[in-house]
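Please look through the structure below alongside the explanation that follows it. The text goes through the chains one at a time and then turns to single residues.

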Amino acid sequence: MKLMTCPINGTRPIAEFSYGGTLRVMPDPNAASDAEWSDYVFNRDNAPGIKREWWRHIPSNTWFIAERDTERDVVLRTWLHAERD
Amino acid sequence: MHAFVAPVAVSPLVEVAFANGKPGAVVFVDHSLTPRYGCKGKGKGAAQWLQSLGLPLPAAPNRWLPLAEEGLIARLGMQEFLIDGNADVVARLQASPPPADVAAVLRQDAALELSGPGLSELLLQTCAVDFAALDLAEQPVVLTRMTGVGVTVIPGASSYRIWCDGTYGAALWESLYAVAADLPEPPAQSLHSTDRSSEHDA
């Protein structure tokens, strides 16, 4: 069974979680060039490696960040977005 | 009263509760019509508002406390709370406009109470959480999935309280009932009994 640890609710089966996309910093819409903005909207880095992603614990609707090695499919750590980088 | 936090008039479990009998190993009780109130906020707004109304606050997420006369308050996250089972407190909350950074949460849940000698086995078969490992002295609240339905669970020594979205209530009831109906009736014992002397005597 795959497991993930929610920072609030603890370790649970992966079926209790949903993926929310890669953590990305939005450029300033007023300052970004068209090329920068279109890169943010349309392009994704799908190369395998260590990624920071949004995940949600579904029963409690807790959103948090998971650092995951997508090449090995291993969750390295999780934390609330407000807690730390 | 805020119209959208009005309690349900008819239990979401009414059809299944009447259609099903009572399996011997697990006793099902429908608490869906119990007075209930939910709220959540940003920052510390919800906690401060509830405290200003004289309610006790669980210190950490996923903990609960009893209210003064009856009912309970459960902390479902950093800033979300469920108040259940005390009509006076619920009426006072519904009559008090929350501050701008606090929002009432619709709580038209299906609410169950399960008890009986087969409860432990029922939980083992329907949920991934090991409830027997929890310390009841910490008054835990568990948000998890049971037969695929998102639930809030408060475990007790002899009975468990379960809340879920009312629209999933009948499905949850029927799934749990189907498992419970297949369970044998073991001898009565506490789910969290710490008396293991009989094991050593054997």
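What follows describes each chain as a whole, then a helix pair, then selected residues.

The coordinates are those of a predicted model, and every statement below should be read with that in mind.

Chain A has one helix and six strands. Followed along the sequence, these elements come in the order β-β-β-α-β-β-β, with the helix set between three strands before and three strands after. Chain A has 85 residues, and 32% of them count as buried. If contacts in chain A are limited to residues at least 6 apart in sequence, 40% of them join residues at least 24 apart. The exposed area of chain A is about 5,400 Å², of which carbon and sulfur atoms supply 51%.

Chain B is built from six helices and ten strands. Of its 202 residues, 46% are buried. Among the contacts in chain B with a separation of 6 or more, 67% are between residues 24 or more positions apart. Chain B exposes about 9,900 Å², with carbon and sulfur atoms supplying 54% of that area.

Now to the helix pair in chain B. Two packed helices are described by the angle between their axes and the distance between the axes. Here the partners are helix α4, residues 119-126, and helix α5, residues 169-181. Their axes are 10 Å apart and the angle between them is about 120°. Angles of 65 to 115 degrees would count as roughly perpendicular and those over 145 as roughly antiparallel, so α4(B) and α5(B) are classed as oblique to each other. The crossing of these two helices is right-handed. On the α4(B) side the contact is made by B:L122, B:Q125 and B:T126, and on the α5(B) side by B:L176, B:V179 and B:A180. Sorted by class, the residues in this contact are four nonpolar and two polar, with no charged residue.

Several single residues of chain B can be placed next. B:S11 sits in the segment before α1, the helix of residues 14-19. Is B:S11 buried or exposed? Its relative accessible area is 9%, and the limit for a buried residue is under 20%, so B:S11 is buried. Apart from neighbours within four places in sequence, B:S11 is in contact with B:D30, B:S32 and B:L33. B:S11 and B:Q108 are 97 residues apart along the chain, while their C-alpha atoms are separated by 8.9 Å.

B:T34 belongs to the loop between β1 (27-30) and β2 (36-41) of chain B. Its relative accessibility is 19%, and because the cut-off is under 20%, B:T34 counts as buried. When residues up to four places away in sequence are not counted, B:T34 touches B:D84 and B:G85.

B:L136 is in another loop of chain B, between α4 and β8 (142-146). With a relative accessible area of 23%, B:L136 falls between the 20% and 50% limits and is therefore partly exposed. B:L136 is 18 residues from B:I154 in sequence, and the C-alpha atoms of this pair are 9.3 Å apart in space.

The backbone of B:N62 has a positive phi of about 65°, although B:N62 is not a glycine. This residue is located in the loop between α2 (45-52) and β3 (63-66) of chain B. B:N62 is buried, with a relative accessible area of 6%.

Chain A also has an asparagine with positive phi: for A:N61 the angle is near 55°. A:N61 lies in the loop between β4 (50-57) and β5 (62-69) of chain A. At 40% relative accessibility, A:N61 counts as partly exposed, whereas B:N62 is buried.

Strand β5 of chain A also contains A:A66. Which residues does A:A66 contact, leaving aside neighbours within four places in sequence? They are A:M4, A:K51, A:R52, A:E53, A:W55, A:V75, A:R77 and A:T78. One of these, A:T78, is twelve residues from A:A66 along the chain, and the C-alpha atoms of the two are separated by 4.3 Å. The relative accessible area of A:A66 is 0%, so this residue is buried.

How values were computed. Residues are numbered from 1 along each chain as its sequence is written. Chains are lettered from A and ligands numbered from 1 in the order in which they are written. This is a predicted model: local features need pLDDT of at least 70, side-chain atom pairs count only at pLDDT 80 or more; totals for chains, interfaces and linings use all residues. Side-chain values use heavy atoms; hydrogens and water are left out. Helices (H or I, at least four residues) and strands (E, at least two) are DSSP runs, numbered from the N terminus. Buried means under 20% relative accessible area, exposed over 50%, partly exposed in between (1.4 Å probe, protein chains only). Contact means heavy atoms within 4.5 Å. Accessible areas come from the Shrake-Rupley method with a 1.4 Å probe; for residues, only the protein chains shown count as cover. Axes are lines fitted to C-alpha atoms, for helices over the stretch in contact, and angles run from 0 to 180 degrees between N-to-C directions. Angles under 35 degrees count as roughly parallel, over 145 as roughly antiparallel, 65 to 115 as roughly perpendicular and the rest as oblique. A crossing is left-handed if the near helix is turned anticlockwise from the far one by less than a right angle, and right-handed if clockwise. Ala, Val, Leu, Ile, Met, Phe, Trp, Tyr, Cys and Pro count as nonpolar, Asp, Glu, Lys and Arg as charged, and the others, Gly among them, as polar.
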